[in-house]
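Below are some notes for a colleague who has not looked at this structure before. They are set out as numbered points and can be read beside the model.

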Amino acid sequence: MQKFGRTAVLGVCVAVAVFGLSACGGESNAAPAAPTRECTADDIKTTGNFGQVPTITIPDGCAPPKKLLTKDLSAGTGKAAAAGSKLSMNYLVVTWSNKKKLDSSFDRGEPFGLDLGAGQVIEGWDQGLVGVKQGGRRLMIIPPALAYKDGGRGIAPNETLVFVTDALSVS
């Protein structure tokens with residue numbers, strides 16, 4: 001009986017210590033809850049006008065979108081890009097998971113040329129740049145399925161990419 005009493009008291013003490021600490025705000029090893037809401041294009045903050053090096057700020061409070069999102073930050077003028085259009089673009093890309101700049105043609109001072117819809121770029125570009133006009137600045141949030149699904153080129157698997165692009169020319 002005495003052995004049972006000590007074991008029961010010890011069990012109660014351990015339970016009080018464990019639950020007491022967690023109830024009083026003690027440290028927890030549990031990971032923070034994942035955001036339940038997907039981000040929208042309006043949640044992503046950018047700075048800079050056409051021709052200026054942009055900044056991209058990805059919020060912590062929402063999850064990466066599962067579909068391609070685009071938003072014109074400045075409209076541009078002239079003919080809208082369509083499949084077969086030749087584009088000259090400047091871009092800056094940030095990775096969603098670590099919110100760090102991955103690449104920037106602005107920094108290199110070398111625009112990137114492509115034939116839209118010809119498969120020369122990731123699918124997210126071929127789809128996301130349709131309709132952009134010369135002089136336009138566009139935000140594109142590209143899910144992994146339209147980017148580098150399994151990773152590569154310094155990009156982790158299942159990475160969402162956030163681009164700000166400037167259409168220098170559309171022909």
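**Notes on the predicted model**

1. Thr-95 is a residue of strand 5. The model is a predicted one, and in it Thr-95 is buried because its relative accessibility is 6%, against a cut-off of under 20%. Leaving aside residues up to four places away in sequence, Thr-95 touches Ile-58, Lys-100, Leu-102, Glu-159, Thr-160 and Leu-161.

2. The overall layout comes next. There are 3 helices and 10 strands in the chain. Read from the N terminus, the order of elements is α-β-β-β-β-β-β-α-β-α-β-β-β. The chain has 171 residues, and 34% of them are buried. Of the contacts between residues at least 6 apart in sequence, 68% join residues at least 24 apart.

3. Strand 5 also matters for the reading of the interior. The largest nonpolar core holds 21 residues, and Leu-87, Trp-125, Leu-129, Ile-142 and Phe-163 have the most contacts inside it. At least two residues of this core come from each of strand 5 (86-95), strand 9 (137-142) and strand 10 (161-170). A separate, second core has 15 residues, including Cys-39, Ala-41, Ile-56 and Leu-139. As background, nonpolar side chains in soluble globular proteins tend to be buried together.

4. Ile-142 can be followed in detail. Among the residues that Ile-142 touches are Leu-68, Ile-122, Gly-124, Trp-125 and Ala-147, with residues up to four places away in sequence not counted. On the same count, Ile-142 also touches Glu-159, Thr-160, Leu-161 and Phe-163. Glu-159, Thr-160 and Leu-161 appear in the contact list of Thr-95 as well.

5. Which residues lie nearest the centre of the largest pocket? They are Tyr-91, Asp-103, Tyr-148, Arg-153 and Phe-163, out of 14 lining residues. The space in this pocket is about 340 Å³. Strand 5, strand 6 (101-104) and strand 10 each give at least two residues to the lining. By class, the lining has 11 nonpolar, 1 polar and 2 charged residues. Phe-163 is named both here and among the residues with the most contacts inside the largest core.

6. Asp-103, one of the residues nearest the pocket centre, forms a salt bridge with Arg-108, at 2.5 Å from N to O. Asp-103 is partly exposed, with a relative accessible area of 26%. Arg-108 is also partly exposed, at 42%. The structure as a whole contains 9 salt bridges.

7. A further salt bridge joins Lys-99 and Asp-60, whose closest N and O atoms are 3.3 Å apart. This pair links distant parts of the chain, 39 residues apart. Lys-99 sits in the loop between strand 5 and strand 6, and Asp-60 in the loop between strand 2 (55-57) and strand 3 (69-74). Lys-99 is partly exposed, with a relative accessible area of 34%, whereas Asp-60 is exposed, at 64%.

8. Are the partners in the salt bridge between Arg-137 and Asp-166 buried or exposed? Both are buried. Their closest N and O atoms are 2.6 Å apart. Arg-137 belongs to strand 9 and Asp-166 to strand 10, so the pair ties together parts that are 29 residues apart in sequence. Strand 9 and strand 10 also each supply at least two residues of the largest core. In general, side chains of opposite charge can pair when their charged atoms come close.

Notes
Residues numbered from 1 in each chain as written. Predicted model: local features only at pLDDT ≥ 70, side-chain atom pairs only at ≥ 80, totals over all residues. Heavy atoms only, no water. Core = buried A, V, L, I, M, F, W, Y, C linked by side-chain atoms within 4.5 Å. Buried < 20%, exposed > 50% of the residue type's maximum accessible area, 1.4 Å probe, protein only. Helix = DSSP H or I, 4+ residues; strand = E, 2+ residues; numbered from the N terminus. Contact = heavy atoms within 4.5 Å. 1 Å grid on protein atoms, 1.4 Å probe; cavity = no way out; pocket = protein on both sides within 12 Å on 5 of 7 lines; lining within 4 Å. Points joined across faces, edges and corners; volume = space filled by probe spheres on them. Nonpolar A, V, L, I, M, F, W, Y, C, P; charged D, E, K, R; others polar. Salt bridge = Lys/Arg side-chain N within 4 Å of Asp/Glu carboxyl O.
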